[in-house]
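Here are a couple of exercises on helix geometry and burial. Have a look at the model first, then work through them.

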Amino acid sequence: MKISKTYALAGGGAVGPLLLIYLAKFAAERRSDLSGHNFNLIDPKGFANGGIAFGECNENYHRLNSVPKEMSPWDVPEYPRYLESRGIGFCPNTFNKRADYRPFLQQKTAQAIEVLRDHGAHIAHIFEKIDIAGIDNERAHIIDERGHIVINAANLNDIKLCVGYGPNENFPHLQNFQGEGYFHSVYDTDINAIKSEDTTIALLGLNAAAYDFTNAYLGNPHSTNLVTFSKNRAGLGIRNVSIEKSEISTNPFAHNIPQFSNSIEMESWIYNAMQETKERNNVSQRRVALDFAAHIKDALKAQTSSVAREFIKSATLAAIKTAATPLPLISHQKMASFSAQHYAQNFDEHCVSRTKSGQFKLNIDNQDILVDTLVNATGHGRLNNPVIVSLLNQGLARIDEKLGTLETDATGYNLLDSNISCIGPTTHQGIDGIESFAKYVEPLALEMISIAPAQLSGLNLDCG
């Protein structure tokens with residue numbers, strides 16, 4: 001019997017394409033008959049656009065979080081084979097440029113679409129920003145920014161959200177100065193528009209976004225005064241990890257994690273467990289941090305709400321995430337080339353006033369600092385994507401009080417209250433990336449393909 005299904009796959013950065021690739025893989029393996037199956041691929045920039053992670057990076061600086069063999073979880077040798085076929089040099093224990101990954105992801109996505117079509121599926125591309133408008137407990141309209149219906153009365157469990165981070169919501173009062181010396185996002189900013197000679201720039205935050213800014217900044221560091229704000233000066237350490245002891249995946253929670261009475265106990269236990277794992281497997285601190293970060297969501301689930309919330313805000317978790325991300329030495333050198341004045345504290349936007357000359361006056365520790373430009377370098381908001389905000393407002397999703405992410409059932413991706421599938425930073429806690437999300441995408445794709453009947457022609461049905 002033919003089955004008709006209409007899926008809405010929203011988000012074409014990295015996770016959406018990963019879902020398509022897994023769907024094609026399982027369809028081919030099972031010889032699935034996808035006649036009557038409609039896959040609507042929704043993203044203003046199209047699928048496999050790369051997003052910030054893979055599409056908008058300075059290729060001289062940005063590196064993947066994992067080694068090549070871990071960047072094609074559907075077929076381990078696939079990415080290394082691609083690099084070899086393109087004559088792109090790589091070593092199994094080094095981190096390739098993110099810019100090299102985007103065309104690979106585009107190629108595999110295009111191949112996946114063709115496989116799905118060969119199996120009878122209809123593929124439609126929708127280049128729109130969308131919202132989900134609930135109708136009842138089982139259905140919703142997919143609408144565009146003008147409120148026009150894009151997909152009519154979609155079943156909630158046929159909506160698959162693969163959206164990334166939303167806009168930055170820090171420093172709302174400073175947004176009044178947007179375009180007048182204040183830049184609310186490193187990633188939506190024309191860095192070249194910033195005055196680049198004999199200027200003073202304040203970076204609000206000092207993690208990845210700050211490095212992204214200094215990498216893209218074309219002004220002379222020696223004639224630019226940099227003022228930075230970050231609690232504990234996080235992000236200043238060298239994380240150049242081009243040479244590793246080993247790149248063998250570790251089992252970070254080999255023993256059942258106990259329930260702790262407070263965050264300090266949990267931080268101490270994890271620190272000791274990380275050191276033990278590092279020595280037992282003879283791997284780098286970065287490798288251990290990456291594996292711990294990828295499994296931290298499961299560890300937090302075992303804790304009380306208060307302990308989990310404390311740990312999420314802890315310097316220990318921030319340090320783990322920092323250590324897990326490769327930072328090429330050239331990025332650190334670019335940051336260090338500025339004569340920066342660092343303040344080990346979170347930035348308070350209420351300390352800002354504007355002078356008659358158009359500069360910003362920052363009152364820090366009872367002293368006034370004059371700067372020409374303010375740059376919000378605190379990154380993105382985990383739950384600020386407009387689609388996610390809409391789901392929360394409609395009661396189609398809720399926030400997990402332990403994790404600070406959307407609450408899901410045991411699958412890790414089906415949202416409570418709506419059964420909409422959602423994979424990405426909104427439901428994840430740890431290091432975000434294809435290698436981390438694969439463990440959620442794979443069972444979701446298998447669940448979707450299992451609905452389709454097998455094509456009988458060409459199958460060997462002789463069981464004995």
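**Exercise 1: a helix crossing**

α3 passes α4 in a right-handed crossing (the near helix is turned clockwise from the far one by less than a right angle). This is a predicted model, where local features need pLDDT of at least 70, side-chain atom pairs count only at pLDDT 80 or more, and totals for chains, interfaces and linings use all residues. Residues are numbered from 1 along each chain as its sequence is written, and side-chain values use heavy atoms, leaving out hydrogens and water.

Task: find which residues of α3 and α4 make the contact (heavy atoms within 4.5 Å), and sort them by class.

Solution.
1. From α3, take Glu78, Tyr79, Tyr82 and Leu83.
2. From α4, take Asp100, Tyr101, Pro103, Phe104, Gln107 and Lys108.
3. Sorting the α3–α4 contact gives 6 nonpolar, 1 polar and 3 charged residues.

**Exercise 2: burial of α1**

Task: work out how much of helix α1 (residues 15-30) is buried (under 20% relative accessible area, 1.4 Å probe, protein chains only), and what covers it.

Solution.
1. Start with the span: the 16 residues of α1 reach 22 Å from first C-alpha to last, close to the 22 Å expected at 1.5 Å a residue.
2. Count burial: 12 of the 16 residues are buried, so α1 is largely enclosed by the rest of the structure.
3. Among the buried ones are Val15, Leu19, Tyr22 and Phe26.
4. The cover over the buried residues of α1 includes β1 (5-10), β2 (37-42), α4, β7 (159-161) and α13 (434-450).
5. Finally, check what follows α1: Arg31, with a positive phi near 50 degrees.

How values were computed:
Helices (H or I, at least four residues) and strands (E, at least two) are DSSP runs, numbered from the N terminus. Ala, Val, Leu, Ile, Met, Phe, Trp, Tyr, Cys and Pro count as nonpolar, Asp, Glu, Lys and Arg as charged, and the others, Gly among them, as polar. The expected span of a helix is 1.5 Å times one less than its number of residues. Buried means under 20% relative accessible area, exposed over 50%, partly exposed in between (1.4 Å probe, protein chains only).
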